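Please look over the sequence and the model together, and keep both in view while reading. The paragraphs below move from the whole chain to some of its parts.

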Amino acid sequence: MHSLIFHVDVNSAFLSWESAKRLRDNPDALDLRTINAVIGGDEKMRHGVVLAKSPSAKKYGIMTGEPLSHARQKCPDLVIVPPDHELYAASSRKFIGILEEVAPVIEQCSIDEAFCDMTGTEKLYGDPIAFATKLKDRIYKELGFTVNIGISTNKLLAKMASDFEKPNRVHTLSRKRWQKSSGHSRWNRYTAVEKPLQKDCALLESQPSAHLQKLTARCYSPILNPRAIICGNPPMVSPPLP
Ligand SMILES: [Mg+2]
């Protein structure tokens with residue numbers, strides 16, 4: 001039986017969670033996702049970086065991790081909202097709670113991302129793409145924020161798939177398609193690690209435990225959360241919620 005892995009990733013998590021809360025409190029509130037807005041530290045105290053950005057702020061070239069002062073220079077009318085970590089923890093718990101209802105095994109890999117091992121659930125839920133679409137729509141309906149879902153046969157490819165066009169999308173990526181299309185522009189960011197990754201994928205499938213230690217010492221951090229790099233699908237365990 002083929003493995004079936006979903007990678008579920010909240011779009012602009014901190015900004016989305018703040019927007020969803022404001023709209024819950026006041027349905028007429030301005031949706032931060034529709035204006036030039038970022039979540040960041042205290043601009044007046046001259047410290048802080050961009051933690052999340054709206055799509056329109058992104059069009060000004062504002063990047064996550066950039067100092068707020070730089071972001072302000074790029075977009076003078078930028079709305080800067082301070083972070084609310086209690087809200088993020090609560091939103092993350094609700095997000096993971098929905099995944100736990102539908103996935104036999106989940107592995108949360110950051111506050112706003114999780115892998116779901118959906119292997120064998122086709123008989124229960126039917127077509128995986130249709131189910132993933134229902135799942136993302138349910139998250140939006142119940143919690144007010146969008147997610148991307150990447151579907152593949154291992155975690156690495158599912159993670160790559162969820163990073164394709166955003167927001168609010170379901171994408172699939174098979175190993176064959178990845179290998180065939182790796183020259184395509186949207187995979188250009190992966191080309192620096194493509195060959196070693198292909199080798200790692202093959203080695204992990206043939207000798208997972210032996211290769212794993214070597215692999216964890218390698219750095220694919222520009223594209224991957226190090227905890228998400230295990231692509232041979234060893235058993236996943238649900239970690240404690242934050
Ligand atoms: Mg995210």
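Two residues are said to be in contact if their C-beta atoms, placed from the backbone, lie within 7 Å. With that in mind, consider this predicted model: among contacts in the chain between residues at least 6 apart in sequence, 53% join residues at least 24 apart. The chain has 242 residues, of which 37% count as buried, and its secondary structure comes to 10 helices and 8 strands.

One part of the chain to examine is a sheet, and it helps to recall that strands of a sheet pair through backbone hydrogen bonds, either parallel or antiparallel. Here an open sheet is built from 3 strands in the order 3-2-4, and its pairing is mixed. Strand 3 (50-53) and strand 4 (79-81) are the edge strands, each pairing on one side only, while the twist from one strand to the next averages 30 degrees. Strand 2, which covers residues 37-40, pairs with strand 3 in the antiparallel sense over 3 bridges, and Ile-39 stands opposite Ala-52 in strand 3. Across strand 2, strand 3 and strand 4 lies helix 1 (residues 13-25), which runs at about 65 degrees to strand 3.

Another part to find is helix 7, made of residues 155-162: because 8 of its 8 residues are buried, this helix is largely enclosed by the rest of the structure. The buried residues of helix 7 include Leu-156, Leu-157 and Met-160, together with Ala-158 and Ala-161, and Lys-155, Lys-159 and Ser-162 are also among them.

Terms used: Residues are numbered from 1 along each chain as its sequence is written. This is a predicted model: local features need pLDDT of at least 70, side-chain atom pairs count only at pLDDT 80 or more; totals for chains, interfaces and linings use all residues. Helices (H or I, at least four residues) and strands (E, at least two) are DSSP runs, numbered from the N terminus. A residue is buried if 20 or more other C-beta atoms lie within 10 Å of its own, exposed if 12 or fewer, and partly exposed in between; C-beta atoms are placed from the backbone. Two strands pair if DSSP finds at least two bridges between them. Axes are lines fitted to C-alpha atoms, for helices over the stretch in contact, and angles run from 0 to 180 degrees between N-to-C directions.
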